[in-house]
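Biologist: I'm new to reading structures. Could you walk me through a few features?

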2 protein chains.
Amino acid sequence: MDDARSDGADPIVVALGGNTLLGQHGPWTVEEQRDVVERTARRLTDALDAETDLVLTHGNGPQVGNLLVQQEAAPETPQLPLDVLVAETQAQIGYMLQQALDNERSRAAEVMTLVTQVVVDADDPAFDRPTKPVGPFYTETEAAEKPFETRAVSDGTYRRIVPSPDPVEVVEADEIADLVARGNTVVCAGGGGVPVVREEGLRGVEAVVDKDRTSQLLATALGAERLVVLTDVEHAYVNFGEAEQRPLERIAAADLRDHLDAGEFDEGSMQPKVEACLRFVEAGGECAIITTPDRLAAALDGEAGTRVVA
Amino acid sequence: MDDARSDGADPIVVALGGNTLLGQHGPWTVEEQRDVVERTARRLTDALDAETDLVLTHGNGPQVGNLLVQQEAAPETPQLPLDVLVAETQAQIGYMLQQALDNERSRAAEVMTLVTQVVVDADDPAFDRPTKPVGPFYTETEAAEKPFETRAVSDGTYRRIVPSPDPVEVVEADEIADLVARGNTVVCAGGGGVPVVREEGLRGVEAVVDKDRTSQLLATALGAERLVVLTDVEHAYVNFGEAEQRPLERIAAADLRDHLDAGEFDEGSMQPKVEACLRFVEAGGECAIITTPDRLAAALDGEAGTRVVA
């Protein structure tokens, strides 16, 4: 077993898209899921020096959707609120990632999965206009009977809709920093973190937080050298999907912000990734990268992906 | 906010019964669950000095059962194996405990919930004779079609049956010790830990580990001063449920072992608790306690519960 330990350098924060972990094509077997997770762990291992400290975050859209479908299918069991279900997905995905990473990287210190809470502002305007569809699809009649807000998402289909407030603070950031400093790889902030508001104490809220924004907040708090957002396209593109689409490669933050302000990125997918990268570099981070797991090694070498610098 | 930090003394390990967290009487609302968790957090806060370091473990029987019921009710979603579901319950229960404890105890350092793996021996004889019923109840016909072993549990009813191997090592014990040393309260080893076997790396197995045994293993590894097993009866009893039932109060390990060897404790409930307490004291622990959450404070003062000493 390789005995690599932390070299004390700043860690790298890698954010994995939820869809890169489950696929969007219906019921996967657990073997298929393990294959995907192990493949991701191998890509990370191939791309990172053994001594590089890694903090891994991940999405949870398909997974939290499945938990909602499952508990609605069994109304005789306790129906848990969204904050508890987000916590469950942190362990579900984290456990599989942790085991695969531990087996691939073979560092002396363990890979740890932490339940991670993220503080949001109770006055965040997002609470007045929910935007994120989650969970099962309903008919109009079913939707009208639900005890929560629903919205038509396509012809005749409805889904629950929840707020997506901005993350303000990762509650466990200090502990993550300490674990990293002692050589542990940390899987955390899954699904963007469990959203909580700070009152007299912490209280969970039914919302979802964008995982790329939380990953940036955490990366900045940790003084990470690099933030990497892994997704299913190799670059952020200008005019994506059109004839003249153009991949962005190495780009200065100011130039990227011009593209962002011009509305050139898809609101539901690339825009939050670009915003997270910009916030990271603007807050002093050295480099933020958007790419695929397969191109991670090349991207870290400056030869692939979109690489945002100051 | 109270600024109590670790006093550097040995921590106390408290194991909560899964039923003390959910109740056995059908579908609880999340408000009822939060009430139970908050009540437990208050009992712990009332009983422990602010500077006492706490490691909290917990059962998960009803909760992992509900996850199995839920995923079987939605066969169109991925059906996850038991090790992944145990990990999910660690976060589900841990998150609720963590928030309630953080709000009640108000220590400076966070309460952390860790996904915790426990190594079992691949050659443990338990794998040849599964004993633990889990998940939904089936008819004989349904049971015959399941891809896993089932067993009749009462007239005409069948359940899945899984092995319950002995825990050998808590994988994350060093990290738990470090977090405790820096003042964090740690919620871990939920459901007895996620059972894994050590091959070239770690691999999850479909089994359940007794949470009291894992709690003892962890308490001994941490050099804990006391192990407390909280359940729904105030004492271990000799001749429990009979006319001449007698509560055990302060008792020497050797005397308790005589009672155990005489088969005086119920195999499914009190016996593993008594065994865990004995192993803890025999391995050098100062005192192991069996009692209820309500009697915890008195038990720590030596005035309630069964208190096992050397």
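Modeller: Sure, polar contacts come up here: a polar contact is a pair of N or O atoms within 3.5 Å; within protein, one must be able to donate a hydrogen and the other to accept it, and residues adjacent in sequence count only if both atoms are side-chain atoms. This is a predicted model, where local features need pLDDT of at least 70 and side-chain atom pairs count only at pLDDT 80 or more, while totals for chains, interfaces and linings use all residues. Side-chain values use heavy atoms, without hydrogens and water.

Biologist: Which side chain does the side chain of A:Asn184 make a polar contact with?

Modeller: That of B:Glu175, at 2.9 Å. A:Asn184 lies in the loop between helix H6 (173-181) and strand E9 (185-187) of chain A; helices (H or I, at least four residues) and strands (E, at least two) are DSSP runs, numbered from the N terminus.

Biologist: Is A:Asn184 buried or exposed?

Modeller: Buried means under 20% relative accessible area, exposed over 50%, partly exposed in between (1.4 Å probe, protein chains only). A:Asn184 is at 0%, so it counts as buried.

Biologist: And how do I read a helix with two faces?

Modeller: An α-helix has 3.6 residues a turn, so residues three or four places apart point the same way. In helix H8 (residues 253-261) of chain A, the buried residues are A:Ala253, A:Leu256, A:His259 and A:Leu260. They cover an arc of only 115 degrees around the axis (taken from the directions from the helix axis to the C-beta atoms), so they sit on the same side of H8(A).

Biologist: What does the face turned away from the buried side of H8(A) carry?

Modeller: The exposed residues A:Ala254, A:Asp258 and A:Asp261.

Definitions and conventions: Residues numbered from 1 in each chain as written. Chains lettered and ligands numbered in written order.
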